[in-house]
Structures are given as C-alpha cells and as structure tokens.
Amino acid sequence: MIRLSRTIHFNAGRSLWRPGWTAEKNRSVYGEESPHGYGHNYELEVAVEGKVDPETAMVVNLTDLDRILKEEVDRPLDHRNLNRDVPEFAATAPTAENLASWIWKRVAARIAREKWPCRVVHLRLRLTPGFAVEIEE
C-alpha cells in the first residue's frame, strides 16, 4: 500500500459561543472568545492509501483528488462563516474536532462515490502553528 497526501488552505470564521450558556461558562470552556467569534487560516492535509494502479502508476490522480478537495472542502468552507453558512454547524459548535470529522466524512464519502481504489487514512486540520487536530484510521 502507498499513502499520498495533499495539503490545501482555506479561511473561515466561526463562533463557539453557546447562546444557552452564561458569558462566564462560555469563557471558561472556550476562552476569551466573544459571541461574534473570529476567523482562522486553516491548513488541511488529507492522506489517502491504496495500491498503485499498474496502468497509470498512481494510487489516484492528484488532479482528481484536488478537484474533490476543492468541491467538498474549499468551496463550502472558504471565506464562509461556519455557523451561518454551513447547515451542519448551525446548532453544532464548529470546534476543530467537529470540523475535522465533517471534512473526513465528506471526503471519504466522495471517494467512495467516485469508486476510487483508495481510502482516506489520515487527516490533519491545523488552526494555528501550535494547534492541530488529527484523525487517523
């Protein structure tokens, strides 16, 4: 098996503030964030694994993987407010953990629909130079 990865960048705003909590509870859980939230310059690395196709000599064509990352991640998230523009985050906090899981499910489902002979095995979502969330299969 061969693993290959691709890294993309996108920018999005979010608020983790929960309206049903007091300001004190929100700050104790989420830090000094205000109800208005803030933005991140996200870095996403997605790794897929599969056998090398003897005809193409590739696990997957990177142009195709780039297209799927554009359609499934960049297009719905880049320069968006995650709480307002992504229906799944209207009532669910767009924490790094939740966002990484959302991306994993979309990319994995898309690869399955495309019937590619590979699968997502690793995802790293970096929010700051010192903080990232990783999912590994």
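**Close-up 1. The β4–β5 hairpin in this predicted model**. Strands β4 and β5 pair up as a hairpin, and 2 residues sit between them. The two strands run antiparallel, with 6 bridges joining β4 to β5, the latter spanning residues 131–136. Look across from L125 and you'll find V133 of β5 standing opposite. L125 also turns up again in Close-up 2, as one of the residues that touch the most other members of the largest nonpolar core.

**Close-up 2. The largest nonpolar core**. This core counts 33 residues, and those touching the most other members are F10, L44, V73, L77, L99, I103 and L125. Who chips in? At least two residues each come from β1 (2–14), β2 (38–50), α2, α4 and β4 (118–128). Helix α4 is the top contributor, giving 8 residues.

**Close-up 3. Helix α2 against helix α4**. Here α2 (residues 62–77) and α4 (residues 96–114) cross at roughly 145 degrees, their axes coming within 10 Å. The crossing is right-handed. On the α2 side, the contact is made by R67, I68, L69, E71, E72, V73, P76 and L77, while α4 brings L99, W102, I103, R106, V107, R110, R113 and E114. Sorted by class, that's 9 nonpolar and 7 charged residues, with no polar ones.

**Close-up 4. Around L77**. Zoom in on L77, which belongs to the α2 side of the helix contact. Setting aside neighbours within four places in sequence, L77 is in contact with F10, N11, A12, L82, V86, L99, W102 and I103. Among these, L99, W102 and I103 are also part of α4's share of the contact with α2.

Note on methods: Residues are numbered from 1 along each chain as its sequence is written. This is a predicted model: local features need pLDDT of at least 70, side-chain atom pairs count only at pLDDT 80 or more; totals for chains, interfaces and linings use all residues. Side-chain values use heavy atoms; hydrogens and water are left out. Axes are lines fitted to C-alpha atoms, for helices over the stretch in contact, and angles run from 0 to 180 degrees between N-to-C directions. Helices (H or I, at least four residues) and strands (E, at least two) are DSSP runs, numbered from the N terminus. A crossing is left-handed if the near helix is turned anticlockwise from the far one by less than a right angle, and right-handed if clockwise. Contact means heavy atoms within 4.5 Å. Ala, Val, Leu, Ile, Met, Phe, Trp, Tyr, Cys and Pro count as nonpolar, Asp, Glu, Lys and Arg as charged, and the others, Gly among them, as polar. A nonpolar core is a set of buried Ala, Val, Leu, Ile, Met, Phe, Trp, Tyr and Cys residues joined through side-chain atoms within 4.5 Å. Buried means under 20% relative accessible area, exposed over 50%, partly exposed in between (1.4 Å probe, protein chains only). Two strands pair if DSSP finds at least two bridges between them.
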